Amino acid sequence: LDGNSALKGLLCNEQEGVCKYANSVTVGTNLECKGAECRVDTVRVVDVGGRFYEYVRPSCVEQAFYNGAKKISQKERHWPAVCANPSLPVALGACCLSNKHESIYYNTEATLEGNEYDGERTTFSTAEARCAESGKVTCDYDIITLDGFKSGYHWTDEPCKILVKVNEYGYVASWHLPSDLGQSMILHVDKENTNYFKAYWDGDSFPKITDSCGGCEILGDACFCHADVRKTRVFHSGRLPQSVKEVMANLHIGAMDPEIYNGTYSSASLISQTGITVYNEGNSIEASSVFKVTDYTGRSLFLKNTRETVHLQNINGDDVHFSFRNAPQFMSVIPKEQASRDAHFETQAVIDHFFYHPNTAPFIAYRIIQRFAISNPSPRYIREVATAFISGKYKTFGSSKYGCLEATIAATLLDREARSAILEADPFQGGLKEPLLKVIGVMRSMEFSPAGSRPATRF
């Protein structure tokens, strides 16, 4: 890092002229870049006075489908390739001579140019600019010169298409198709890909083989369609959201807190009587605007005012009148060292989805009541305990945080249905033992012991 780097100063944590390095450091504000920091698209490890810090980015997702894809290749052309989003830093550069008369290796042998560190990944535009600085161009090379056994994927200038594969149930998979049809692709994105996932189809209608795939191609037992991703603005000044539920039902792309963008979002306004804050880059609500809402669990969410829809097309580029909401994915189809961390991010997202699901609170409430109080609680009783689980508060008990078990147990044990002497006389009130526990209880009361010849007891 540069000697005057703000990042270096933060990581150094100088005290009395000596750096006090911490095991982990959270960067809570934007820092101005210096030197090489300003020339990279992403950071993996930084060196601070011989101490090395690994950068751990926040959990992010990628959209499964996108326009303008480029092929990225490995060391040699005949090795399996994959399509990539040119706006993401997912591949290394690869530069060829721009004039075919300069070398017999024109557009066949590529080199790395301008890397700031070993294994640096950039966007396509950065890779293209670095080649231009060396008087070269990006190209669809045959082989790239690398030191030793280094590997990875490199940008090429070959266009790439991402097709949609639709099975009989409406689930979709992606097929990466380069311009060079002779190019082999990695297994999980080739024509035989069976990694299907659920798609939210507009109008619940999707292409089917029985209907000739609606104009798409039929290959085997699936429909193959070309994809065109279109981005549209959801809310605008003529259609403002009226509730948090409306925002969450219509916006499905997350955003970072606008406060970190150093003035990019120049205005923030509260939509009256809704508790919704909208951040705008200008004076009007556009597709780039970000809505901030607080859901019923108390979480603050930032959602981009954009809807991405995948429209299916035939081989001629004509719409076939089927479309679905673009799907996010934590795990990139491009192999990289962060894959295990992305898997942790995805696992945590799944756990959060279940934990914050609207059915979780009543489900937990019902089961806890059955274990600690009575077997047939009334809807009112379940609602009281579920409310305590959500709010994290019951009378003087709880932390006021979603999922607080102190408040949940207090609501279970202190509710009138659990403590009423009158209800105890009701034959339908109380707790029933599970059948197996009831049998075991009877056997214990009779001091039952198995015979030595038959130690196992059959029921």
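Me: What makes β18 and strand β19 (residues 300-304) count as paired?
Reply: Two strands pair if DSSP finds at least two bridges between them. β18 and β19 share five bridges, in the antiparallel sense, so the criterion of at least two is met. Strands here are DSSP runs of E with at least two residues, and helices are runs of H or I with at least four, numbered from the N terminus. The model is a predicted one, in which local features need pLDDT of at least 70, side-chain atom pairs count only at pLDDT 80 or more, and totals for chains, interfaces and linings use all residues. Residues are numbered from 1 along each chain as its sequence is written, and side-chain values use heavy atoms, with hydrogens and water left out.

Me: Which residues lie opposite each other, and what lies between β18 and β19?
Reply: Phe291 stands opposite Leu303 in β19. The two strands form a hairpin with five residues between them, and Gly298 in the turn has a positive phi of about 95°.

Me: How do you know that β17 pairs with β18?
Reply: Strand β17 (residues 276-280) and strand β18 (residues 290-294) have three antiparallel bridges, so they too qualify as a pair. Tyr279 has Val290 of β18 as its bridge partner.

Me: Why is the group around Trp201, Leu312 and Phe324 called a nonpolar core?
Reply: The term denotes a set of buried Ala, Val, Leu, Ile, Met, Phe, Trp, Tyr and Cys residues joined through side-chain atoms within 4.5 Å; buried means under 20% relative accessible area, with a 1.4 Å probe and protein chains only. The largest such set has 39 residues, and Trp201, Leu312 and Phe324 touch the most other members. Among the elements giving two or more residues to this core are α2 (124-133), β12 (154-166) and β20 (306-313); β12 gives the most, with five. A second, separate core of 16 residues includes Ala365, Phe389, Cys404 and Ala407.

Me: What makes the space lined by Leu92, Gly93, Glu113, Asn115, Glu120, Thr122, Ala127 and Arg130 a cavity?
Reply: On a 1 Å grid over the protein atoms alone, a cavity is a set of points where a 1.4 Å probe fits but cannot get out, and lining residues have an atom within 4 Å of a point. One cavity of 30 Å³ or more is counted, and the largest cavity has a volume of about 50 Å³. Volume is the space filled by probe spheres set on the points, which are joined across faces, edges and corners.

Technical notes: On a 1 Å grid over the protein atoms alone, a cavity is a set of points where a 1.4 Å probe fits but cannot get out, and a pocket is an open set with protein on both sides within 12 Å along at least five of seven lines; lining residues have an atom within 4 Å of a point. Buried means under 20% relative accessible area, exposed over 50%, partly exposed in between (1.4 Å probe, protein chains only).
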